[in-house]
Amino acid sequence: MEVLKIATAGSVDDGKSTLIGRILYDTKSLTSDKLEAIERTSKQKGYDYLDFSLATDGLVAEREQGITIDVAHIYFSTAKKSYIIADTPGHVEYTRNMVTGASTSQAAIILIDARKGVIEQTNRHFFINNLLRIKEVVVAINKMDLVDFSEERYNEIKADFEKLMEKRDYADQKITFVPVSALKGDNVVNKSENTPWYKGETLLEHLEGLDLAAVSNVGTPRFPVQYVIRPKTEEHHDFRGFAGKVYGGELSVGDEVVALPSQTRSKIKDIYVYDKKYKTASRRSSVTITLEDEINLSRGDMLVKANDLPTIEKQFTATISWMDSKPLAAGNKYVVQHGVNKVLAKVDQVHHKIAPDYSGIDTQAKALGMNDIAEVSFRLNKPIFYDKFKNHRTNGSFILIDTQSNNTVGAGFIS
Amino acid sequence: MEVKELEVPTEIGENTAHINALENEAIYILREVAAQFEKPVLLFSGGKDSITLVRLAQKAFWPAKIPFPLMHIDTGHNFPETIEFRDRLVKEMGLELIVRNVQDSIDQGKVKEESGRYSSRNSLQTTTLLDAIEEFKFDACIGGARRDEEKARAKERIFSVRDDFGQWDERNQRPELFDMLNGQIELGQNVRVFPISNWTELDVWSYIKYEGIEIPSIYFAHKRKTFLRDGMIWSAEDGIVFRDEDEVVEERMVRFRTVGDMSCTAAVLSDAISIDKVVAEIRDSSISERGARIDDKRSEAAMEKRKQQGYF
């Protein structure tokens with residue numbers, strides 16, 4: 001069984017939380033005590049239906065205001081897959097949380113209110129899913145019950161969204177449209193009798209059919225050294241293992257590798273997971289590697305295959321999603337955390353700000369405010385070993401850390 | 001030594017890739033803790049989640065030893081089976097265990113024992129925990145909390161920064177992107193780390209089965225003197241829970257799904273005497289794990305409030 005991570009996106013009141021609640025309810029993933037709590041609270045609030053958002057809005061402030069403020073992680077499984085849904089906020093001011101939720105997901109659900117159709121926020125949601133190169137996007141046209149399950153209305157919205165698709169720069173992305181009513185349960189898990197004109201799969205059927213290997217962006221093997229294991233015990237006196245997670249492709253015993261930044265060559269001697277040896281370490285496995293030669297490697301260094309080097313540079317340009325109230329401006333210094341590697345960085349230039357609703361770019365912008373997205377170039381105090389984000393989701397992304405507050409203030413995608 | 005391909009199917013069958021992915025993620029997180037912090041500690045209660053953490057840590061650093069101690073915040077209301085198990089595990093694995101007692105915090109007048117029918121020492125743990133963090137200058141506390149447990153937990157980051165009062169500011173959490181964990185903090189702050197955030201209760205049980213991990217006997221069905229209150233089954237054996245005279249003691253076949261403080265942990269009727277049966281029972285259960293924790297039922301926001309005060 002595989003794990004599929006999904007991020008939701010939708011404006012306030014489009015019904016994201018209700019949709020998730022509906023999926024949980026119809027797949028019988030809500031335990032009876034949680035269901036009772038929802039029934040009890042819905043009644044207290046005087047609703048004549050079950051308010052499924054109570055299952056996902058976990059904070060007092062969220063329930064008070066009826067909005068999602070921060071990402072909630074929801075888990076459920078079917079016979080075919082395990083699912084993790086990152087329920088992300090829809091408010092404009094929480095764009096950073098939307099980026100956060102989407103960063104670990106392979107698929108996304110964009111909700112559209114059938115009465116409102118494609119709105120500015122829809123552009124933004126689609127833009128972020130493009131920026132993050134999410135391969136599978138499901139456009140759930142919700143509240144179909146409020147437009148009398150009109151095929152015409154559905155096609156209208158679909159056509160509007162298809163116009164939006166012409167603006168994207170990520171052509172491999174797959175878009176699927178489903179007409180749903182999250183509140184009433186149409187086409188979410190079960191096929192609806194109210195939409196005889198819709199011949200496609202229900203939302204869940206579509207997710208069930210996704211091939212995980214195909215929806216993941218793989219890239220070539222990169223092995224950042226996370227931790228050096230030197231037991232110095234009698235039994236393992238000379239053991240020097242490099243612990244880390246394999247990103248992209250796979251690494252095998254005997255592979256000729258180059259250690260970065262020293263560019264020393266060696267061969268993989270053994271691959272361990274705990275006390276067992278393996279011939280091959282596949283993508284995303286946490287392993288410990290030993291090398292045939294004694295070379296000096298420490299945290300932040302990287303092992304790559306000898307015939308496949310990343311870019312080794314002290315500067316780069318990236319798309320930045322800014323997440324802090326203190327603006328980013330040329331000359332500012334930040335810590336760049338690229339994987340497990342940390343270097344000091346100075347903002348060289350803010351090239352242009354990008355309107356995430358596809359309305360254009362602003363070449364006059366000099367600084368970034370909260371939730372802004374822009375092309376920015378940086379100079380570093382030491383070289384890092386990177387790939388372009390479009391070729392490698394892990395080795396092409398980084399976070400920016402404020403040197404005073406220690407907060408994560410931005411996310412970057414190397415261009 | 002055995003040589004094989006990684007991610008080969010095993011006896012756990014359909015679950016392998018899923019469990020493997022969760023294990024890989026947890027090991028990565030534990031290594032980040034060891035690399036990014038000066039003085040981490042693993043919060044150990046003797047329950048299934050913290051026992052799982054110990055196994056994951058053992059795997060993450062092999063053949064070296066686990067590079068941090070364990071700490072148990074002992075409410076004094078533990079099931080005796082759990083304490084016996086805790087001490088044996090620590091001894092067998094050669095681990096360092098720190099114990100700090102809620103009773104000491106009560107004796108020092110720092111916290112006041114609750115009174116009445118639903119009194120529990122569970123929330124009193126917070127003070128003892130924060131004092132211990134200060135005493136040892138721990139900068140990272142690894143805990144076995146999972147996001148599926150409770151809806152406030154579902155909002156928690158993997159690296160959750162707490163201020164120097166141990167408080168969680170739920171509205172101002174650090175964004176957590178991709179696999180990158182930012183552990184940079186100021187002196188006095190600490191980070192609560194949750195390596196098994198993305199595991200469900202069933203995942204933990206499947207892993208325990210898969211790895212053949214030993215767990216305290218109260219997790220398996222056994223005959224126990226119990227009484228009913230508010231539709232839940234309470235242990236009458238240990239004299240911790242105050243019982244009214246009209247609450248009749250009966251022997252029932254039960255097990256515990258969580259082993260929190262005895263004063264707030266109810267039993268469930270069960271005949272699951274083996275790990276296979278426990279896994280099957282959890283898979284078919286229509287009640288959530290926290291459904292048997294009375295402290296979560298105090299209000300809609302019980303967990304969130306405790307976390308704001310520094311509860312792990």
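**Figure 1. A closed space in chain A: the second largest cavity holds about 100 Å³.** In this predicted model, a search of the whole structure turns up seven cavities of 30 Å³ or more. A cavity here is a set of points, on a 1 Å grid over the protein atoms alone, where a 1.4 Å probe fits but cannot get out; lining residues have an atom within 4 Å of a point. Grid points are joined across faces, edges and corners, and the volume is the space filled by probe spheres set on the points. Rolling a probe the size of a water molecule over the atoms shows where empty space is left. Among the lining residues of the second largest cavity you can look for Arg222(A), Tyr247(A), Met302(A), His338(A) and Phe385(A). The lining divides into five nonpolar residues, six polar and one charged. Nonpolar covers Ala, Val, Leu, Ile, Met, Phe, Trp, Tyr, Cys and Pro; charged covers Asp, Glu, Lys and Arg; the others, Gly among them, count as polar. Domain 2 (222-305) and domain 3 (311-414) of chain A each give at least three residues to this lining.

*How to read the figures.* Residues are numbered from 1 along each chain as its sequence is written, while chains are lettered from A and ligands numbered from 1 in the order in which they are written. Because this is a predicted model, local features need pLDDT of at least 70 and side-chain atom pairs count only at pLDDT 80 or more, while totals for chains, interfaces and linings use all residues; side-chain values use heavy atoms, with hydrogens and water left out.

**Figure 2. An open space with both chains in its lining: the second largest pocket has a volume of about 1200 Å³.** A pocket, unlike a cavity, is an open set of points with protein on both sides within 12 Å along at least five of seven lines. Of its 45 lining residues, Lys5(A), Thr104(A), Gln106(A), Arg283(A) and Arg284(A) are the closest to the centre. At least two lining residues come from each of β1 (2-9), β3 (81-87), α4 (95-103) and α8 (212-215) of chain A, and likewise from α1 (16-36) of chain B. Helices (H or I, at least four residues) and strands (E, at least two) are DSSP runs, numbered from the N terminus. Which element gives the most to the lining? That is α1(B), with eight residues. By type, the lining has 17 nonpolar, 16 polar and twelve charged residues.

**Figure 3. Domain 1 of chain A meets domain 3 of chain A.** The domain assignment, which is automatic or from a database, splits chain A into domain 1 (3-209), domain 2 (222-305) and domain 3 (311-414). The C-alpha centres of domain 1 and domain 3 of chain A are 30 Å apart. Contact, meaning heavy atoms within 4.5 Å, takes in 23 residues of domain 1 and 14 residues of domain 3. About 1700 Å² is buried between these two domains, with 64% of it from carbon and sulfur atoms. Buried area is the accessible area (1.4 Å probe) that two parts lose on being put together, summed over both. On the domain 1 side, Arg96(A), Phe127(A) and Leu131(A) lose the most area, together 37% of what that side buries.

**Figure 4. Thr176(A) sits in strand β6 (residues 174-179) of chain A.** Is this residue buried or exposed? Thr176(A) is buried, with a relative accessible area of 17%; buried means under 20%, exposed over 50% and partly exposed in between (1.4 Å probe, protein chains only). Leaving aside neighbours within four places in sequence, Thr176(A) is in contact with Glu136(A), Val137(A), Val138(A), Val139(A) and His206(A).

**Figure 5. Helix α6 (residues 201-211) of chain B is mostly covered.** Eight of its eleven residues are buried, including Val204(B), Trp205(B), Tyr207(B) and Ile208(B). The buried residues pack against α1, α2 (48-61), β10 (250-256) and α7 (275-284) of chain B. After α6(B) comes Gly212(B), with a positive phi near 65°.

**Figure 6. Ala60(B) lies in helix α2 of chain B.** Ala60(B) is buried, with a relative accessible area of 0%. Not counting residues up to four places away in sequence, Ala60(B) touches Ile27(B), Leu30(B) and Arg31(B), together with Ile229(A) from chain A.
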